[in-house]
Structure formats: structure tokens, C-alpha cells
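Please keep the coordinates open while reading the paragraphs below. They begin with the strands and their pairing, and then turn to pockets and a cavity.

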Amino acid sequence: MADIVTETSIAPLASSSTIDEARAGHQAWREWRLASVVAATGNLSLIETRWLAEGDTTTTQDALAGQPDTVTATELTRTNLETGQPERGIRLWDANSPAIQAFETITAFPFNPEWVIEATFTPVDGARTVPFEHIRDNGGTRDLVVPGDITFSKDGVEYSLSAFDDDGTLLLVFGDPTNGAEGDDGTYGSGRFLFVQHDGDKAVLDFNRAFVPPCGFSDQYNCPLPPRNNRFAVPVDAGEKVVVFRDGFAH
């Protein structure tokens with residue numbers, strides 16, 4: 001894949017209407033995020049991801065045996081990295097999990113209009129895939145469908161980013177120097193996520209809505225990590241920073 005950046009001309013700014021729209025919806029988005037992570041099947045409620053051996057017929061009802069009424073079970077599948085075959089799993093979600101009880105907030109940067117980006121989306125023919133390393137795969141990669149390239153210029157630098165298809169929505173996994181940094185401007189160490197709006201060849205990346213990935217809330221998730229071309233050389237000082245729990249809680 002291409003290197004992260006090449007020098008080019010000064011980037012155009014997003015239109016004032018795009019920035020105004022992003023600013024107007026930002027507070028509501030923040031409130032929605034804080035509510036969503038403590039929902040009954042929100043990021044903080046995941047207490048177990050159990051991958052079943054081939055032939056294991058455990059059902060979600062079986063998995064709920066002995067669990068309190070606050071626990072919900074769901075199914076999921078993935079591709080086994082060793083066999084290449086589908087693998088079935090069960091997740092348990094607790095609406096009264098210790099993580100929900102200890103949760104305080106998700107810190108975030110103030111709204112930054114400089115990180116509202118109007119970009120070009122160039123689709124590719126067929127189902128092109130890009131290998132993404134995942135946090136719990138011990139260096140293994142999983143091929144995810146990337147339906148096109150997202151390109152834009154900012155501060156004299158040209159970017160070409162790869163967002164994968166997440167159930168019909170473009171999800172960008174990106175990294176920058178704030179990841180794992182100490183101090184008030186440090187963000188989640190493994191990178192952050194951003195849903196990308198696009199209509200035809202036009203895309204909007206509002207990094208003020210960059211968010212801590214699910215693995216920042218529970219180690220029962222297996223999140224993709226940013227590929228090389230999705231790593232910024234400059235700090236992205238917009239969006240969520242880190243999850244904050246009460247002192248003494250280890251999630």
C-alpha cells in the first residue's frame with residue numbers, strides 16, 4: 001500500500017455550511033455517545049466473548065444459564081485465521097456490568113473546525129480487500145472490503161485513506177501521534193474510529209466525531225488497527241480522547 005503522505009499544495013477548507021452543520025450537531029452526538037456506551041448492549045456492557053469449537057451447539061439460551069436477569073446473549077461469527085472456516089461465537093452483555101457502574105465519561109477535544117474535511121471518494125470495481133491487523137490476533141490479519149479511496153489535502157499534505165465496509169457504512173480506522181500520549185491531549189493507544197459520510201464521489205470526514213473503538217471499553221472486543229496509510233504524522237486534535245473510570249477500576 002502507498003506511504004502515508006506526499007507533499008502537495010495547501011489544502012482547501014471545508015465549506016462554511018459543512019462546518020456549521022458539523023458544529024450544530026456536535027453536542028447532540030456527544031450526548032448520544034455517552035448514552036450509547038452504557039446501553040444494555042453498549043460497549044461497556046460486554047462481559048464475555050466465547051468462541052465455540054466446531055460442532056458445539058450451545059445456544060444463546062444455554063449461555064444464559066445461571067446468569068442474572070440483566071444479562072443478554074447474542075451470536076456472532078468470524079473467519080478462523082488458521083482454518084479459514086466460519087467460526088461461531090456467543091457474547092454476553094450485562095446491563096449492570098462493573099464497567100458501567102464505574103464509568104465516568106469519555107474525554108474529548110473541543111470542537112475543532114480545522115478537522116472537518118471535505119474529501120473525494122473514488123470507488124473501485126469489485127470487492128477489493130485490505131489486510132487489517134486486529135488487536136487480539138497476535139499479529140494476524142483479516143481481509144476487510146475497502147470499496148474505494150478517500151483522498152484530500154490538508155496543510156500542504158496529501159492523504160489517501162482506506163475505510164472498510166462496516167455493514168454498508170464506511171468505517172475509518174486511523175492513528176496519529178496523540179495515541180497513547182501522556183497528558184491531557186493523549187488519546188486511546190491503539191487508534192480511533194470514524195464513520196465517513198459519502199454521497200457519490202463526495203465525502204465528509206468530521207474528525208470531531210472520531211471515537212474510542214469498542215476495545216477501549218472492554219477487552220472482549222477484537223478491534224482492527226490502523227493500516228500504514230491511515231496513520232497521520234500530525235496530531236488529530238479533534239474527537240474523543242479516552243474512557244475515564246472511577247479510581248481503582250481495572251477494565
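**Strands, hairpins and enclosed space**

An open sheet of 3 strands, paired in the antiparallel sense, follows the order β2-β4-β3. Its edge strands, each pairing on one side only, are β2 (46-51) and β3 (71-79). On average, and with direction ignored, neighbouring strands of this sheet are turned by 20° against each other, where axes are lines fitted to C-alpha atoms (for helices over the stretch in contact) and angles between N-to-C directions run from 0 to 180 degrees. Helices (H or I, at least four residues) and strands (E, at least two) are DSSP runs numbered from the N terminus, and two strands count as paired if DSSP finds at least two bridges between them.

This is a predicted model, in which local features need a pLDDT of at least 70 and side-chain atom pairs count only at pLDDT 80 or more, whereas totals for chains, interfaces and linings use all residues. Residues are numbered from 1 along each chain as its sequence is written, and side-chain values use heavy atoms, with hydrogens and water left out.

Within the sheet, β2 and β4 (residues 86-94) run antiparallel and are joined by 5 bridges; W51 has G89 in β4 as its bridge partner. Strands of a sheet pair through backbone hydrogen bonds, either parallel or antiparallel.

A further set of pairings runs from β10 to β13. Antiparallel β10 (157-166) and β11 (169-174) are joined by 4 bridges, and D165 stands opposite L170 in β11. These two strands, β10 and β11, form a hairpin with 2 residues between them, and D167 in the turn has a positive phi of about 55°. On to the next pairing, β11 and β12 are antiparallel over 5 bridges, with L170 opposite V196 in β12 and L172 bridged to L194 in β12. L170 thus appears in both pairings, facing D165 and V196. As for burial, β11 is mostly covered, since 5 of its 6 residues are buried, buried meaning under 20% relative accessible area, exposed over 50%, and partly exposed in between (1.4 Å probe, protein chains only).

The loop between β11 and β12 holds T187, which is buried with a relative accessible area of 3%. The side chain of T187 makes a polar contact with the side chain of N179 at 2.8 Å; such a contact is a pair of N or O atoms within 3.5 Å, where within protein one must be able to donate a hydrogen and the other to accept it, and residues adjacent in sequence count only if both atoms are side-chain atoms.

Following the chain onward, β12 and β13 pair antiparallel over 3 bridges, and D199 stands opposite K202 in β13. In their hairpin, with 2 residues between the strands, G200 takes a positive phi near 65°.

Which strands also contribute to the lining of the largest pocket? At least two lining residues each come from α1 (16-36), β2, β3, β8 (141-145), β10, β12 (192-199) and β13 (202-206). This pocket holds about 1,300 Å³ of space, and of its 40 lining residues the closest to the centre are D166, L171, F193, P214 and P224. By class, the lining divides into 19 nonpolar, 9 polar and 12 charged residues, where Ala, Val, Leu, Ile, Met, Phe, Trp, Tyr, Cys and Pro count as nonpolar, Asp, Glu, Lys and Arg as charged, and the others, Gly among them, as polar.

On a 1 Å grid over the protein atoms alone, a pocket is an open set of points with protein on both sides within 12 Å along at least five of seven lines, a cavity is a set where a 1.4 Å probe fits but cannot get out, and lining residues have an atom within 4 Å of a point. Grid points are joined across faces, edges and corners, and a volume is the space filled by probe spheres set on the points.

The second largest pocket has about 310 Å³ of space, and T18, E21, Q197, A203 and V204 are the closest to its centre among 13 lining residues. Here β13 gives the most to the lining, with 4 residues, and the classes are 4 nonpolar, 3 polar and 6 charged.

Finally, the whole structure has 1 cavity of 30 Å³ or more, with about 30 Å³ of space. Its lining includes V173, F193, P213 and P224, and has 9 nonpolar, 2 polar and 1 charged residues.
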